[in-house]
Amino acid sequence: MVRGDSEVEAMYEPHTHSHSHHRSKRGNANLASCIVATIFLLLIAFGVAIVYFLVFKPKNPKIAVDSVQFPTFSISNGTVNFTFFQFVSVTNPNRDAFTHYDSSLQLAYSNAPVGFIFIPAGKIDGGHTQHMSAKFAVESFPIPARPPPVTAEAIGGGSELGMDGATMEIETRMKLVGRVRVLKIFTHRVESGVNCGVVIEVRSGSVLGLHC
């Protein structure tokens, strides 16, 4: 009987060891599967990020000032009165539409604001360019005092310079604020602006130069 019990024990012990070995192999397999799945998800996220930043990343609209005009312009008793026109082209480089709002155009002289207008809200389709214009009147803003104009004799020829001589410069400051949809789901705020200096012949109101 003792011999028989020893045989039973001898047969039972290897069976217990084999069960533990199978369970350990199953755990290792599950761990390996989790690692592979994690790596796969990370690769997908990395690929989506690359596509987003290279293809779908929102870009600011591009503003080009085509021309400015002063249909009326006069200086009297140290003050200036004029009507101002500005024509611009706005390009939306994104794949989706750009919706703009809270946008404005400001005029300044010697860093002091002299005119302001809000730009009506609107939408520009993806990859399209839209032409826009603004017009408003500026009445009787004072011209800051300046040193006496430089004469032709002082510079060795040419006409008299300065406010009393020929020109003045006004700065235009345009700002577009809006949002762009990304993948038809997300929205992203974008903003663009352009500042230009406009040189004006004071006797006629003609634009002599435009630099942005």
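Colleague: Is cysteine 212 buried or exposed?

Modeller: Cysteine 212 is exposed, with a relative accessible area of 60%. Here buried means under 20% relative accessible area, exposed over 50%, and partly exposed in between, with a 1.4 Å probe and protein chains only. This is a predicted model, in which local features need pLDDT of at least 70 and side-chain atom pairs count only at pLDDT 80 or more, while totals for chains, interfaces and linings use all residues. Residues are numbered from 1 along each chain as its sequence is written, and side-chain values use heavy atoms, with hydrogens and water left out.

Colleague: Which residue does a disulfide join to cysteine 212?

Modeller: A disulfide is a covalent bond between the sulfur atoms of two cysteines. The rule applied here asks for a pair of cysteine sulfur atoms within 2.5 Å, and it yields a count of 1 disulfide. That bond joins cysteine 196 to cysteine 212, with an S to S distance of 1.9 Å. Cysteine 196 lies in strand S8 and cysteine 212 in the segment after strand S9 (206-211), so the pair ties together parts that are 16 residues apart in sequence. Strands (E, at least two residues) and helices (H or I, at least four) are DSSP runs, numbered from the N terminus. The link is right-handed, with 105° about the S-S bond. Cysteine 196 is buried, at a relative accessible area of 2%.

Colleague: What does the side chain of glutamate 201 reach?

Modeller: A polar contact is a pair of N or O atoms within 3.5 Å; within protein, one must be able to donate a hydrogen and the other to accept it, and residues adjacent in sequence count only if both atoms are side-chain atoms. The side chain of glutamate 201 reaches the backbone nitrogen of arginine 203 at 3.1 Å. A polar atom of that side chain also lies 2.8 Å from the backbone nitrogen of serine 204. Glutamate 201 belongs to strand S8 (residues 186-201) and counts as buried, at 15% relative accessibility.

Colleague: How should the phi of serine 110 be read, and where is the place of this residue?

Modeller: Most residues other than glycine have a negative phi. Serine 110 is not a glycine, yet its phi is positive, about 55°. Its place is in the loop between strand S3 (98-109) and strand S4 (112-119). Asparagine 111, in the loop between S3 and S4, likewise has a positive phi, about 65°. Serine 110 is partly exposed, at 48%, and asparagine 111 is exposed, at 64%.
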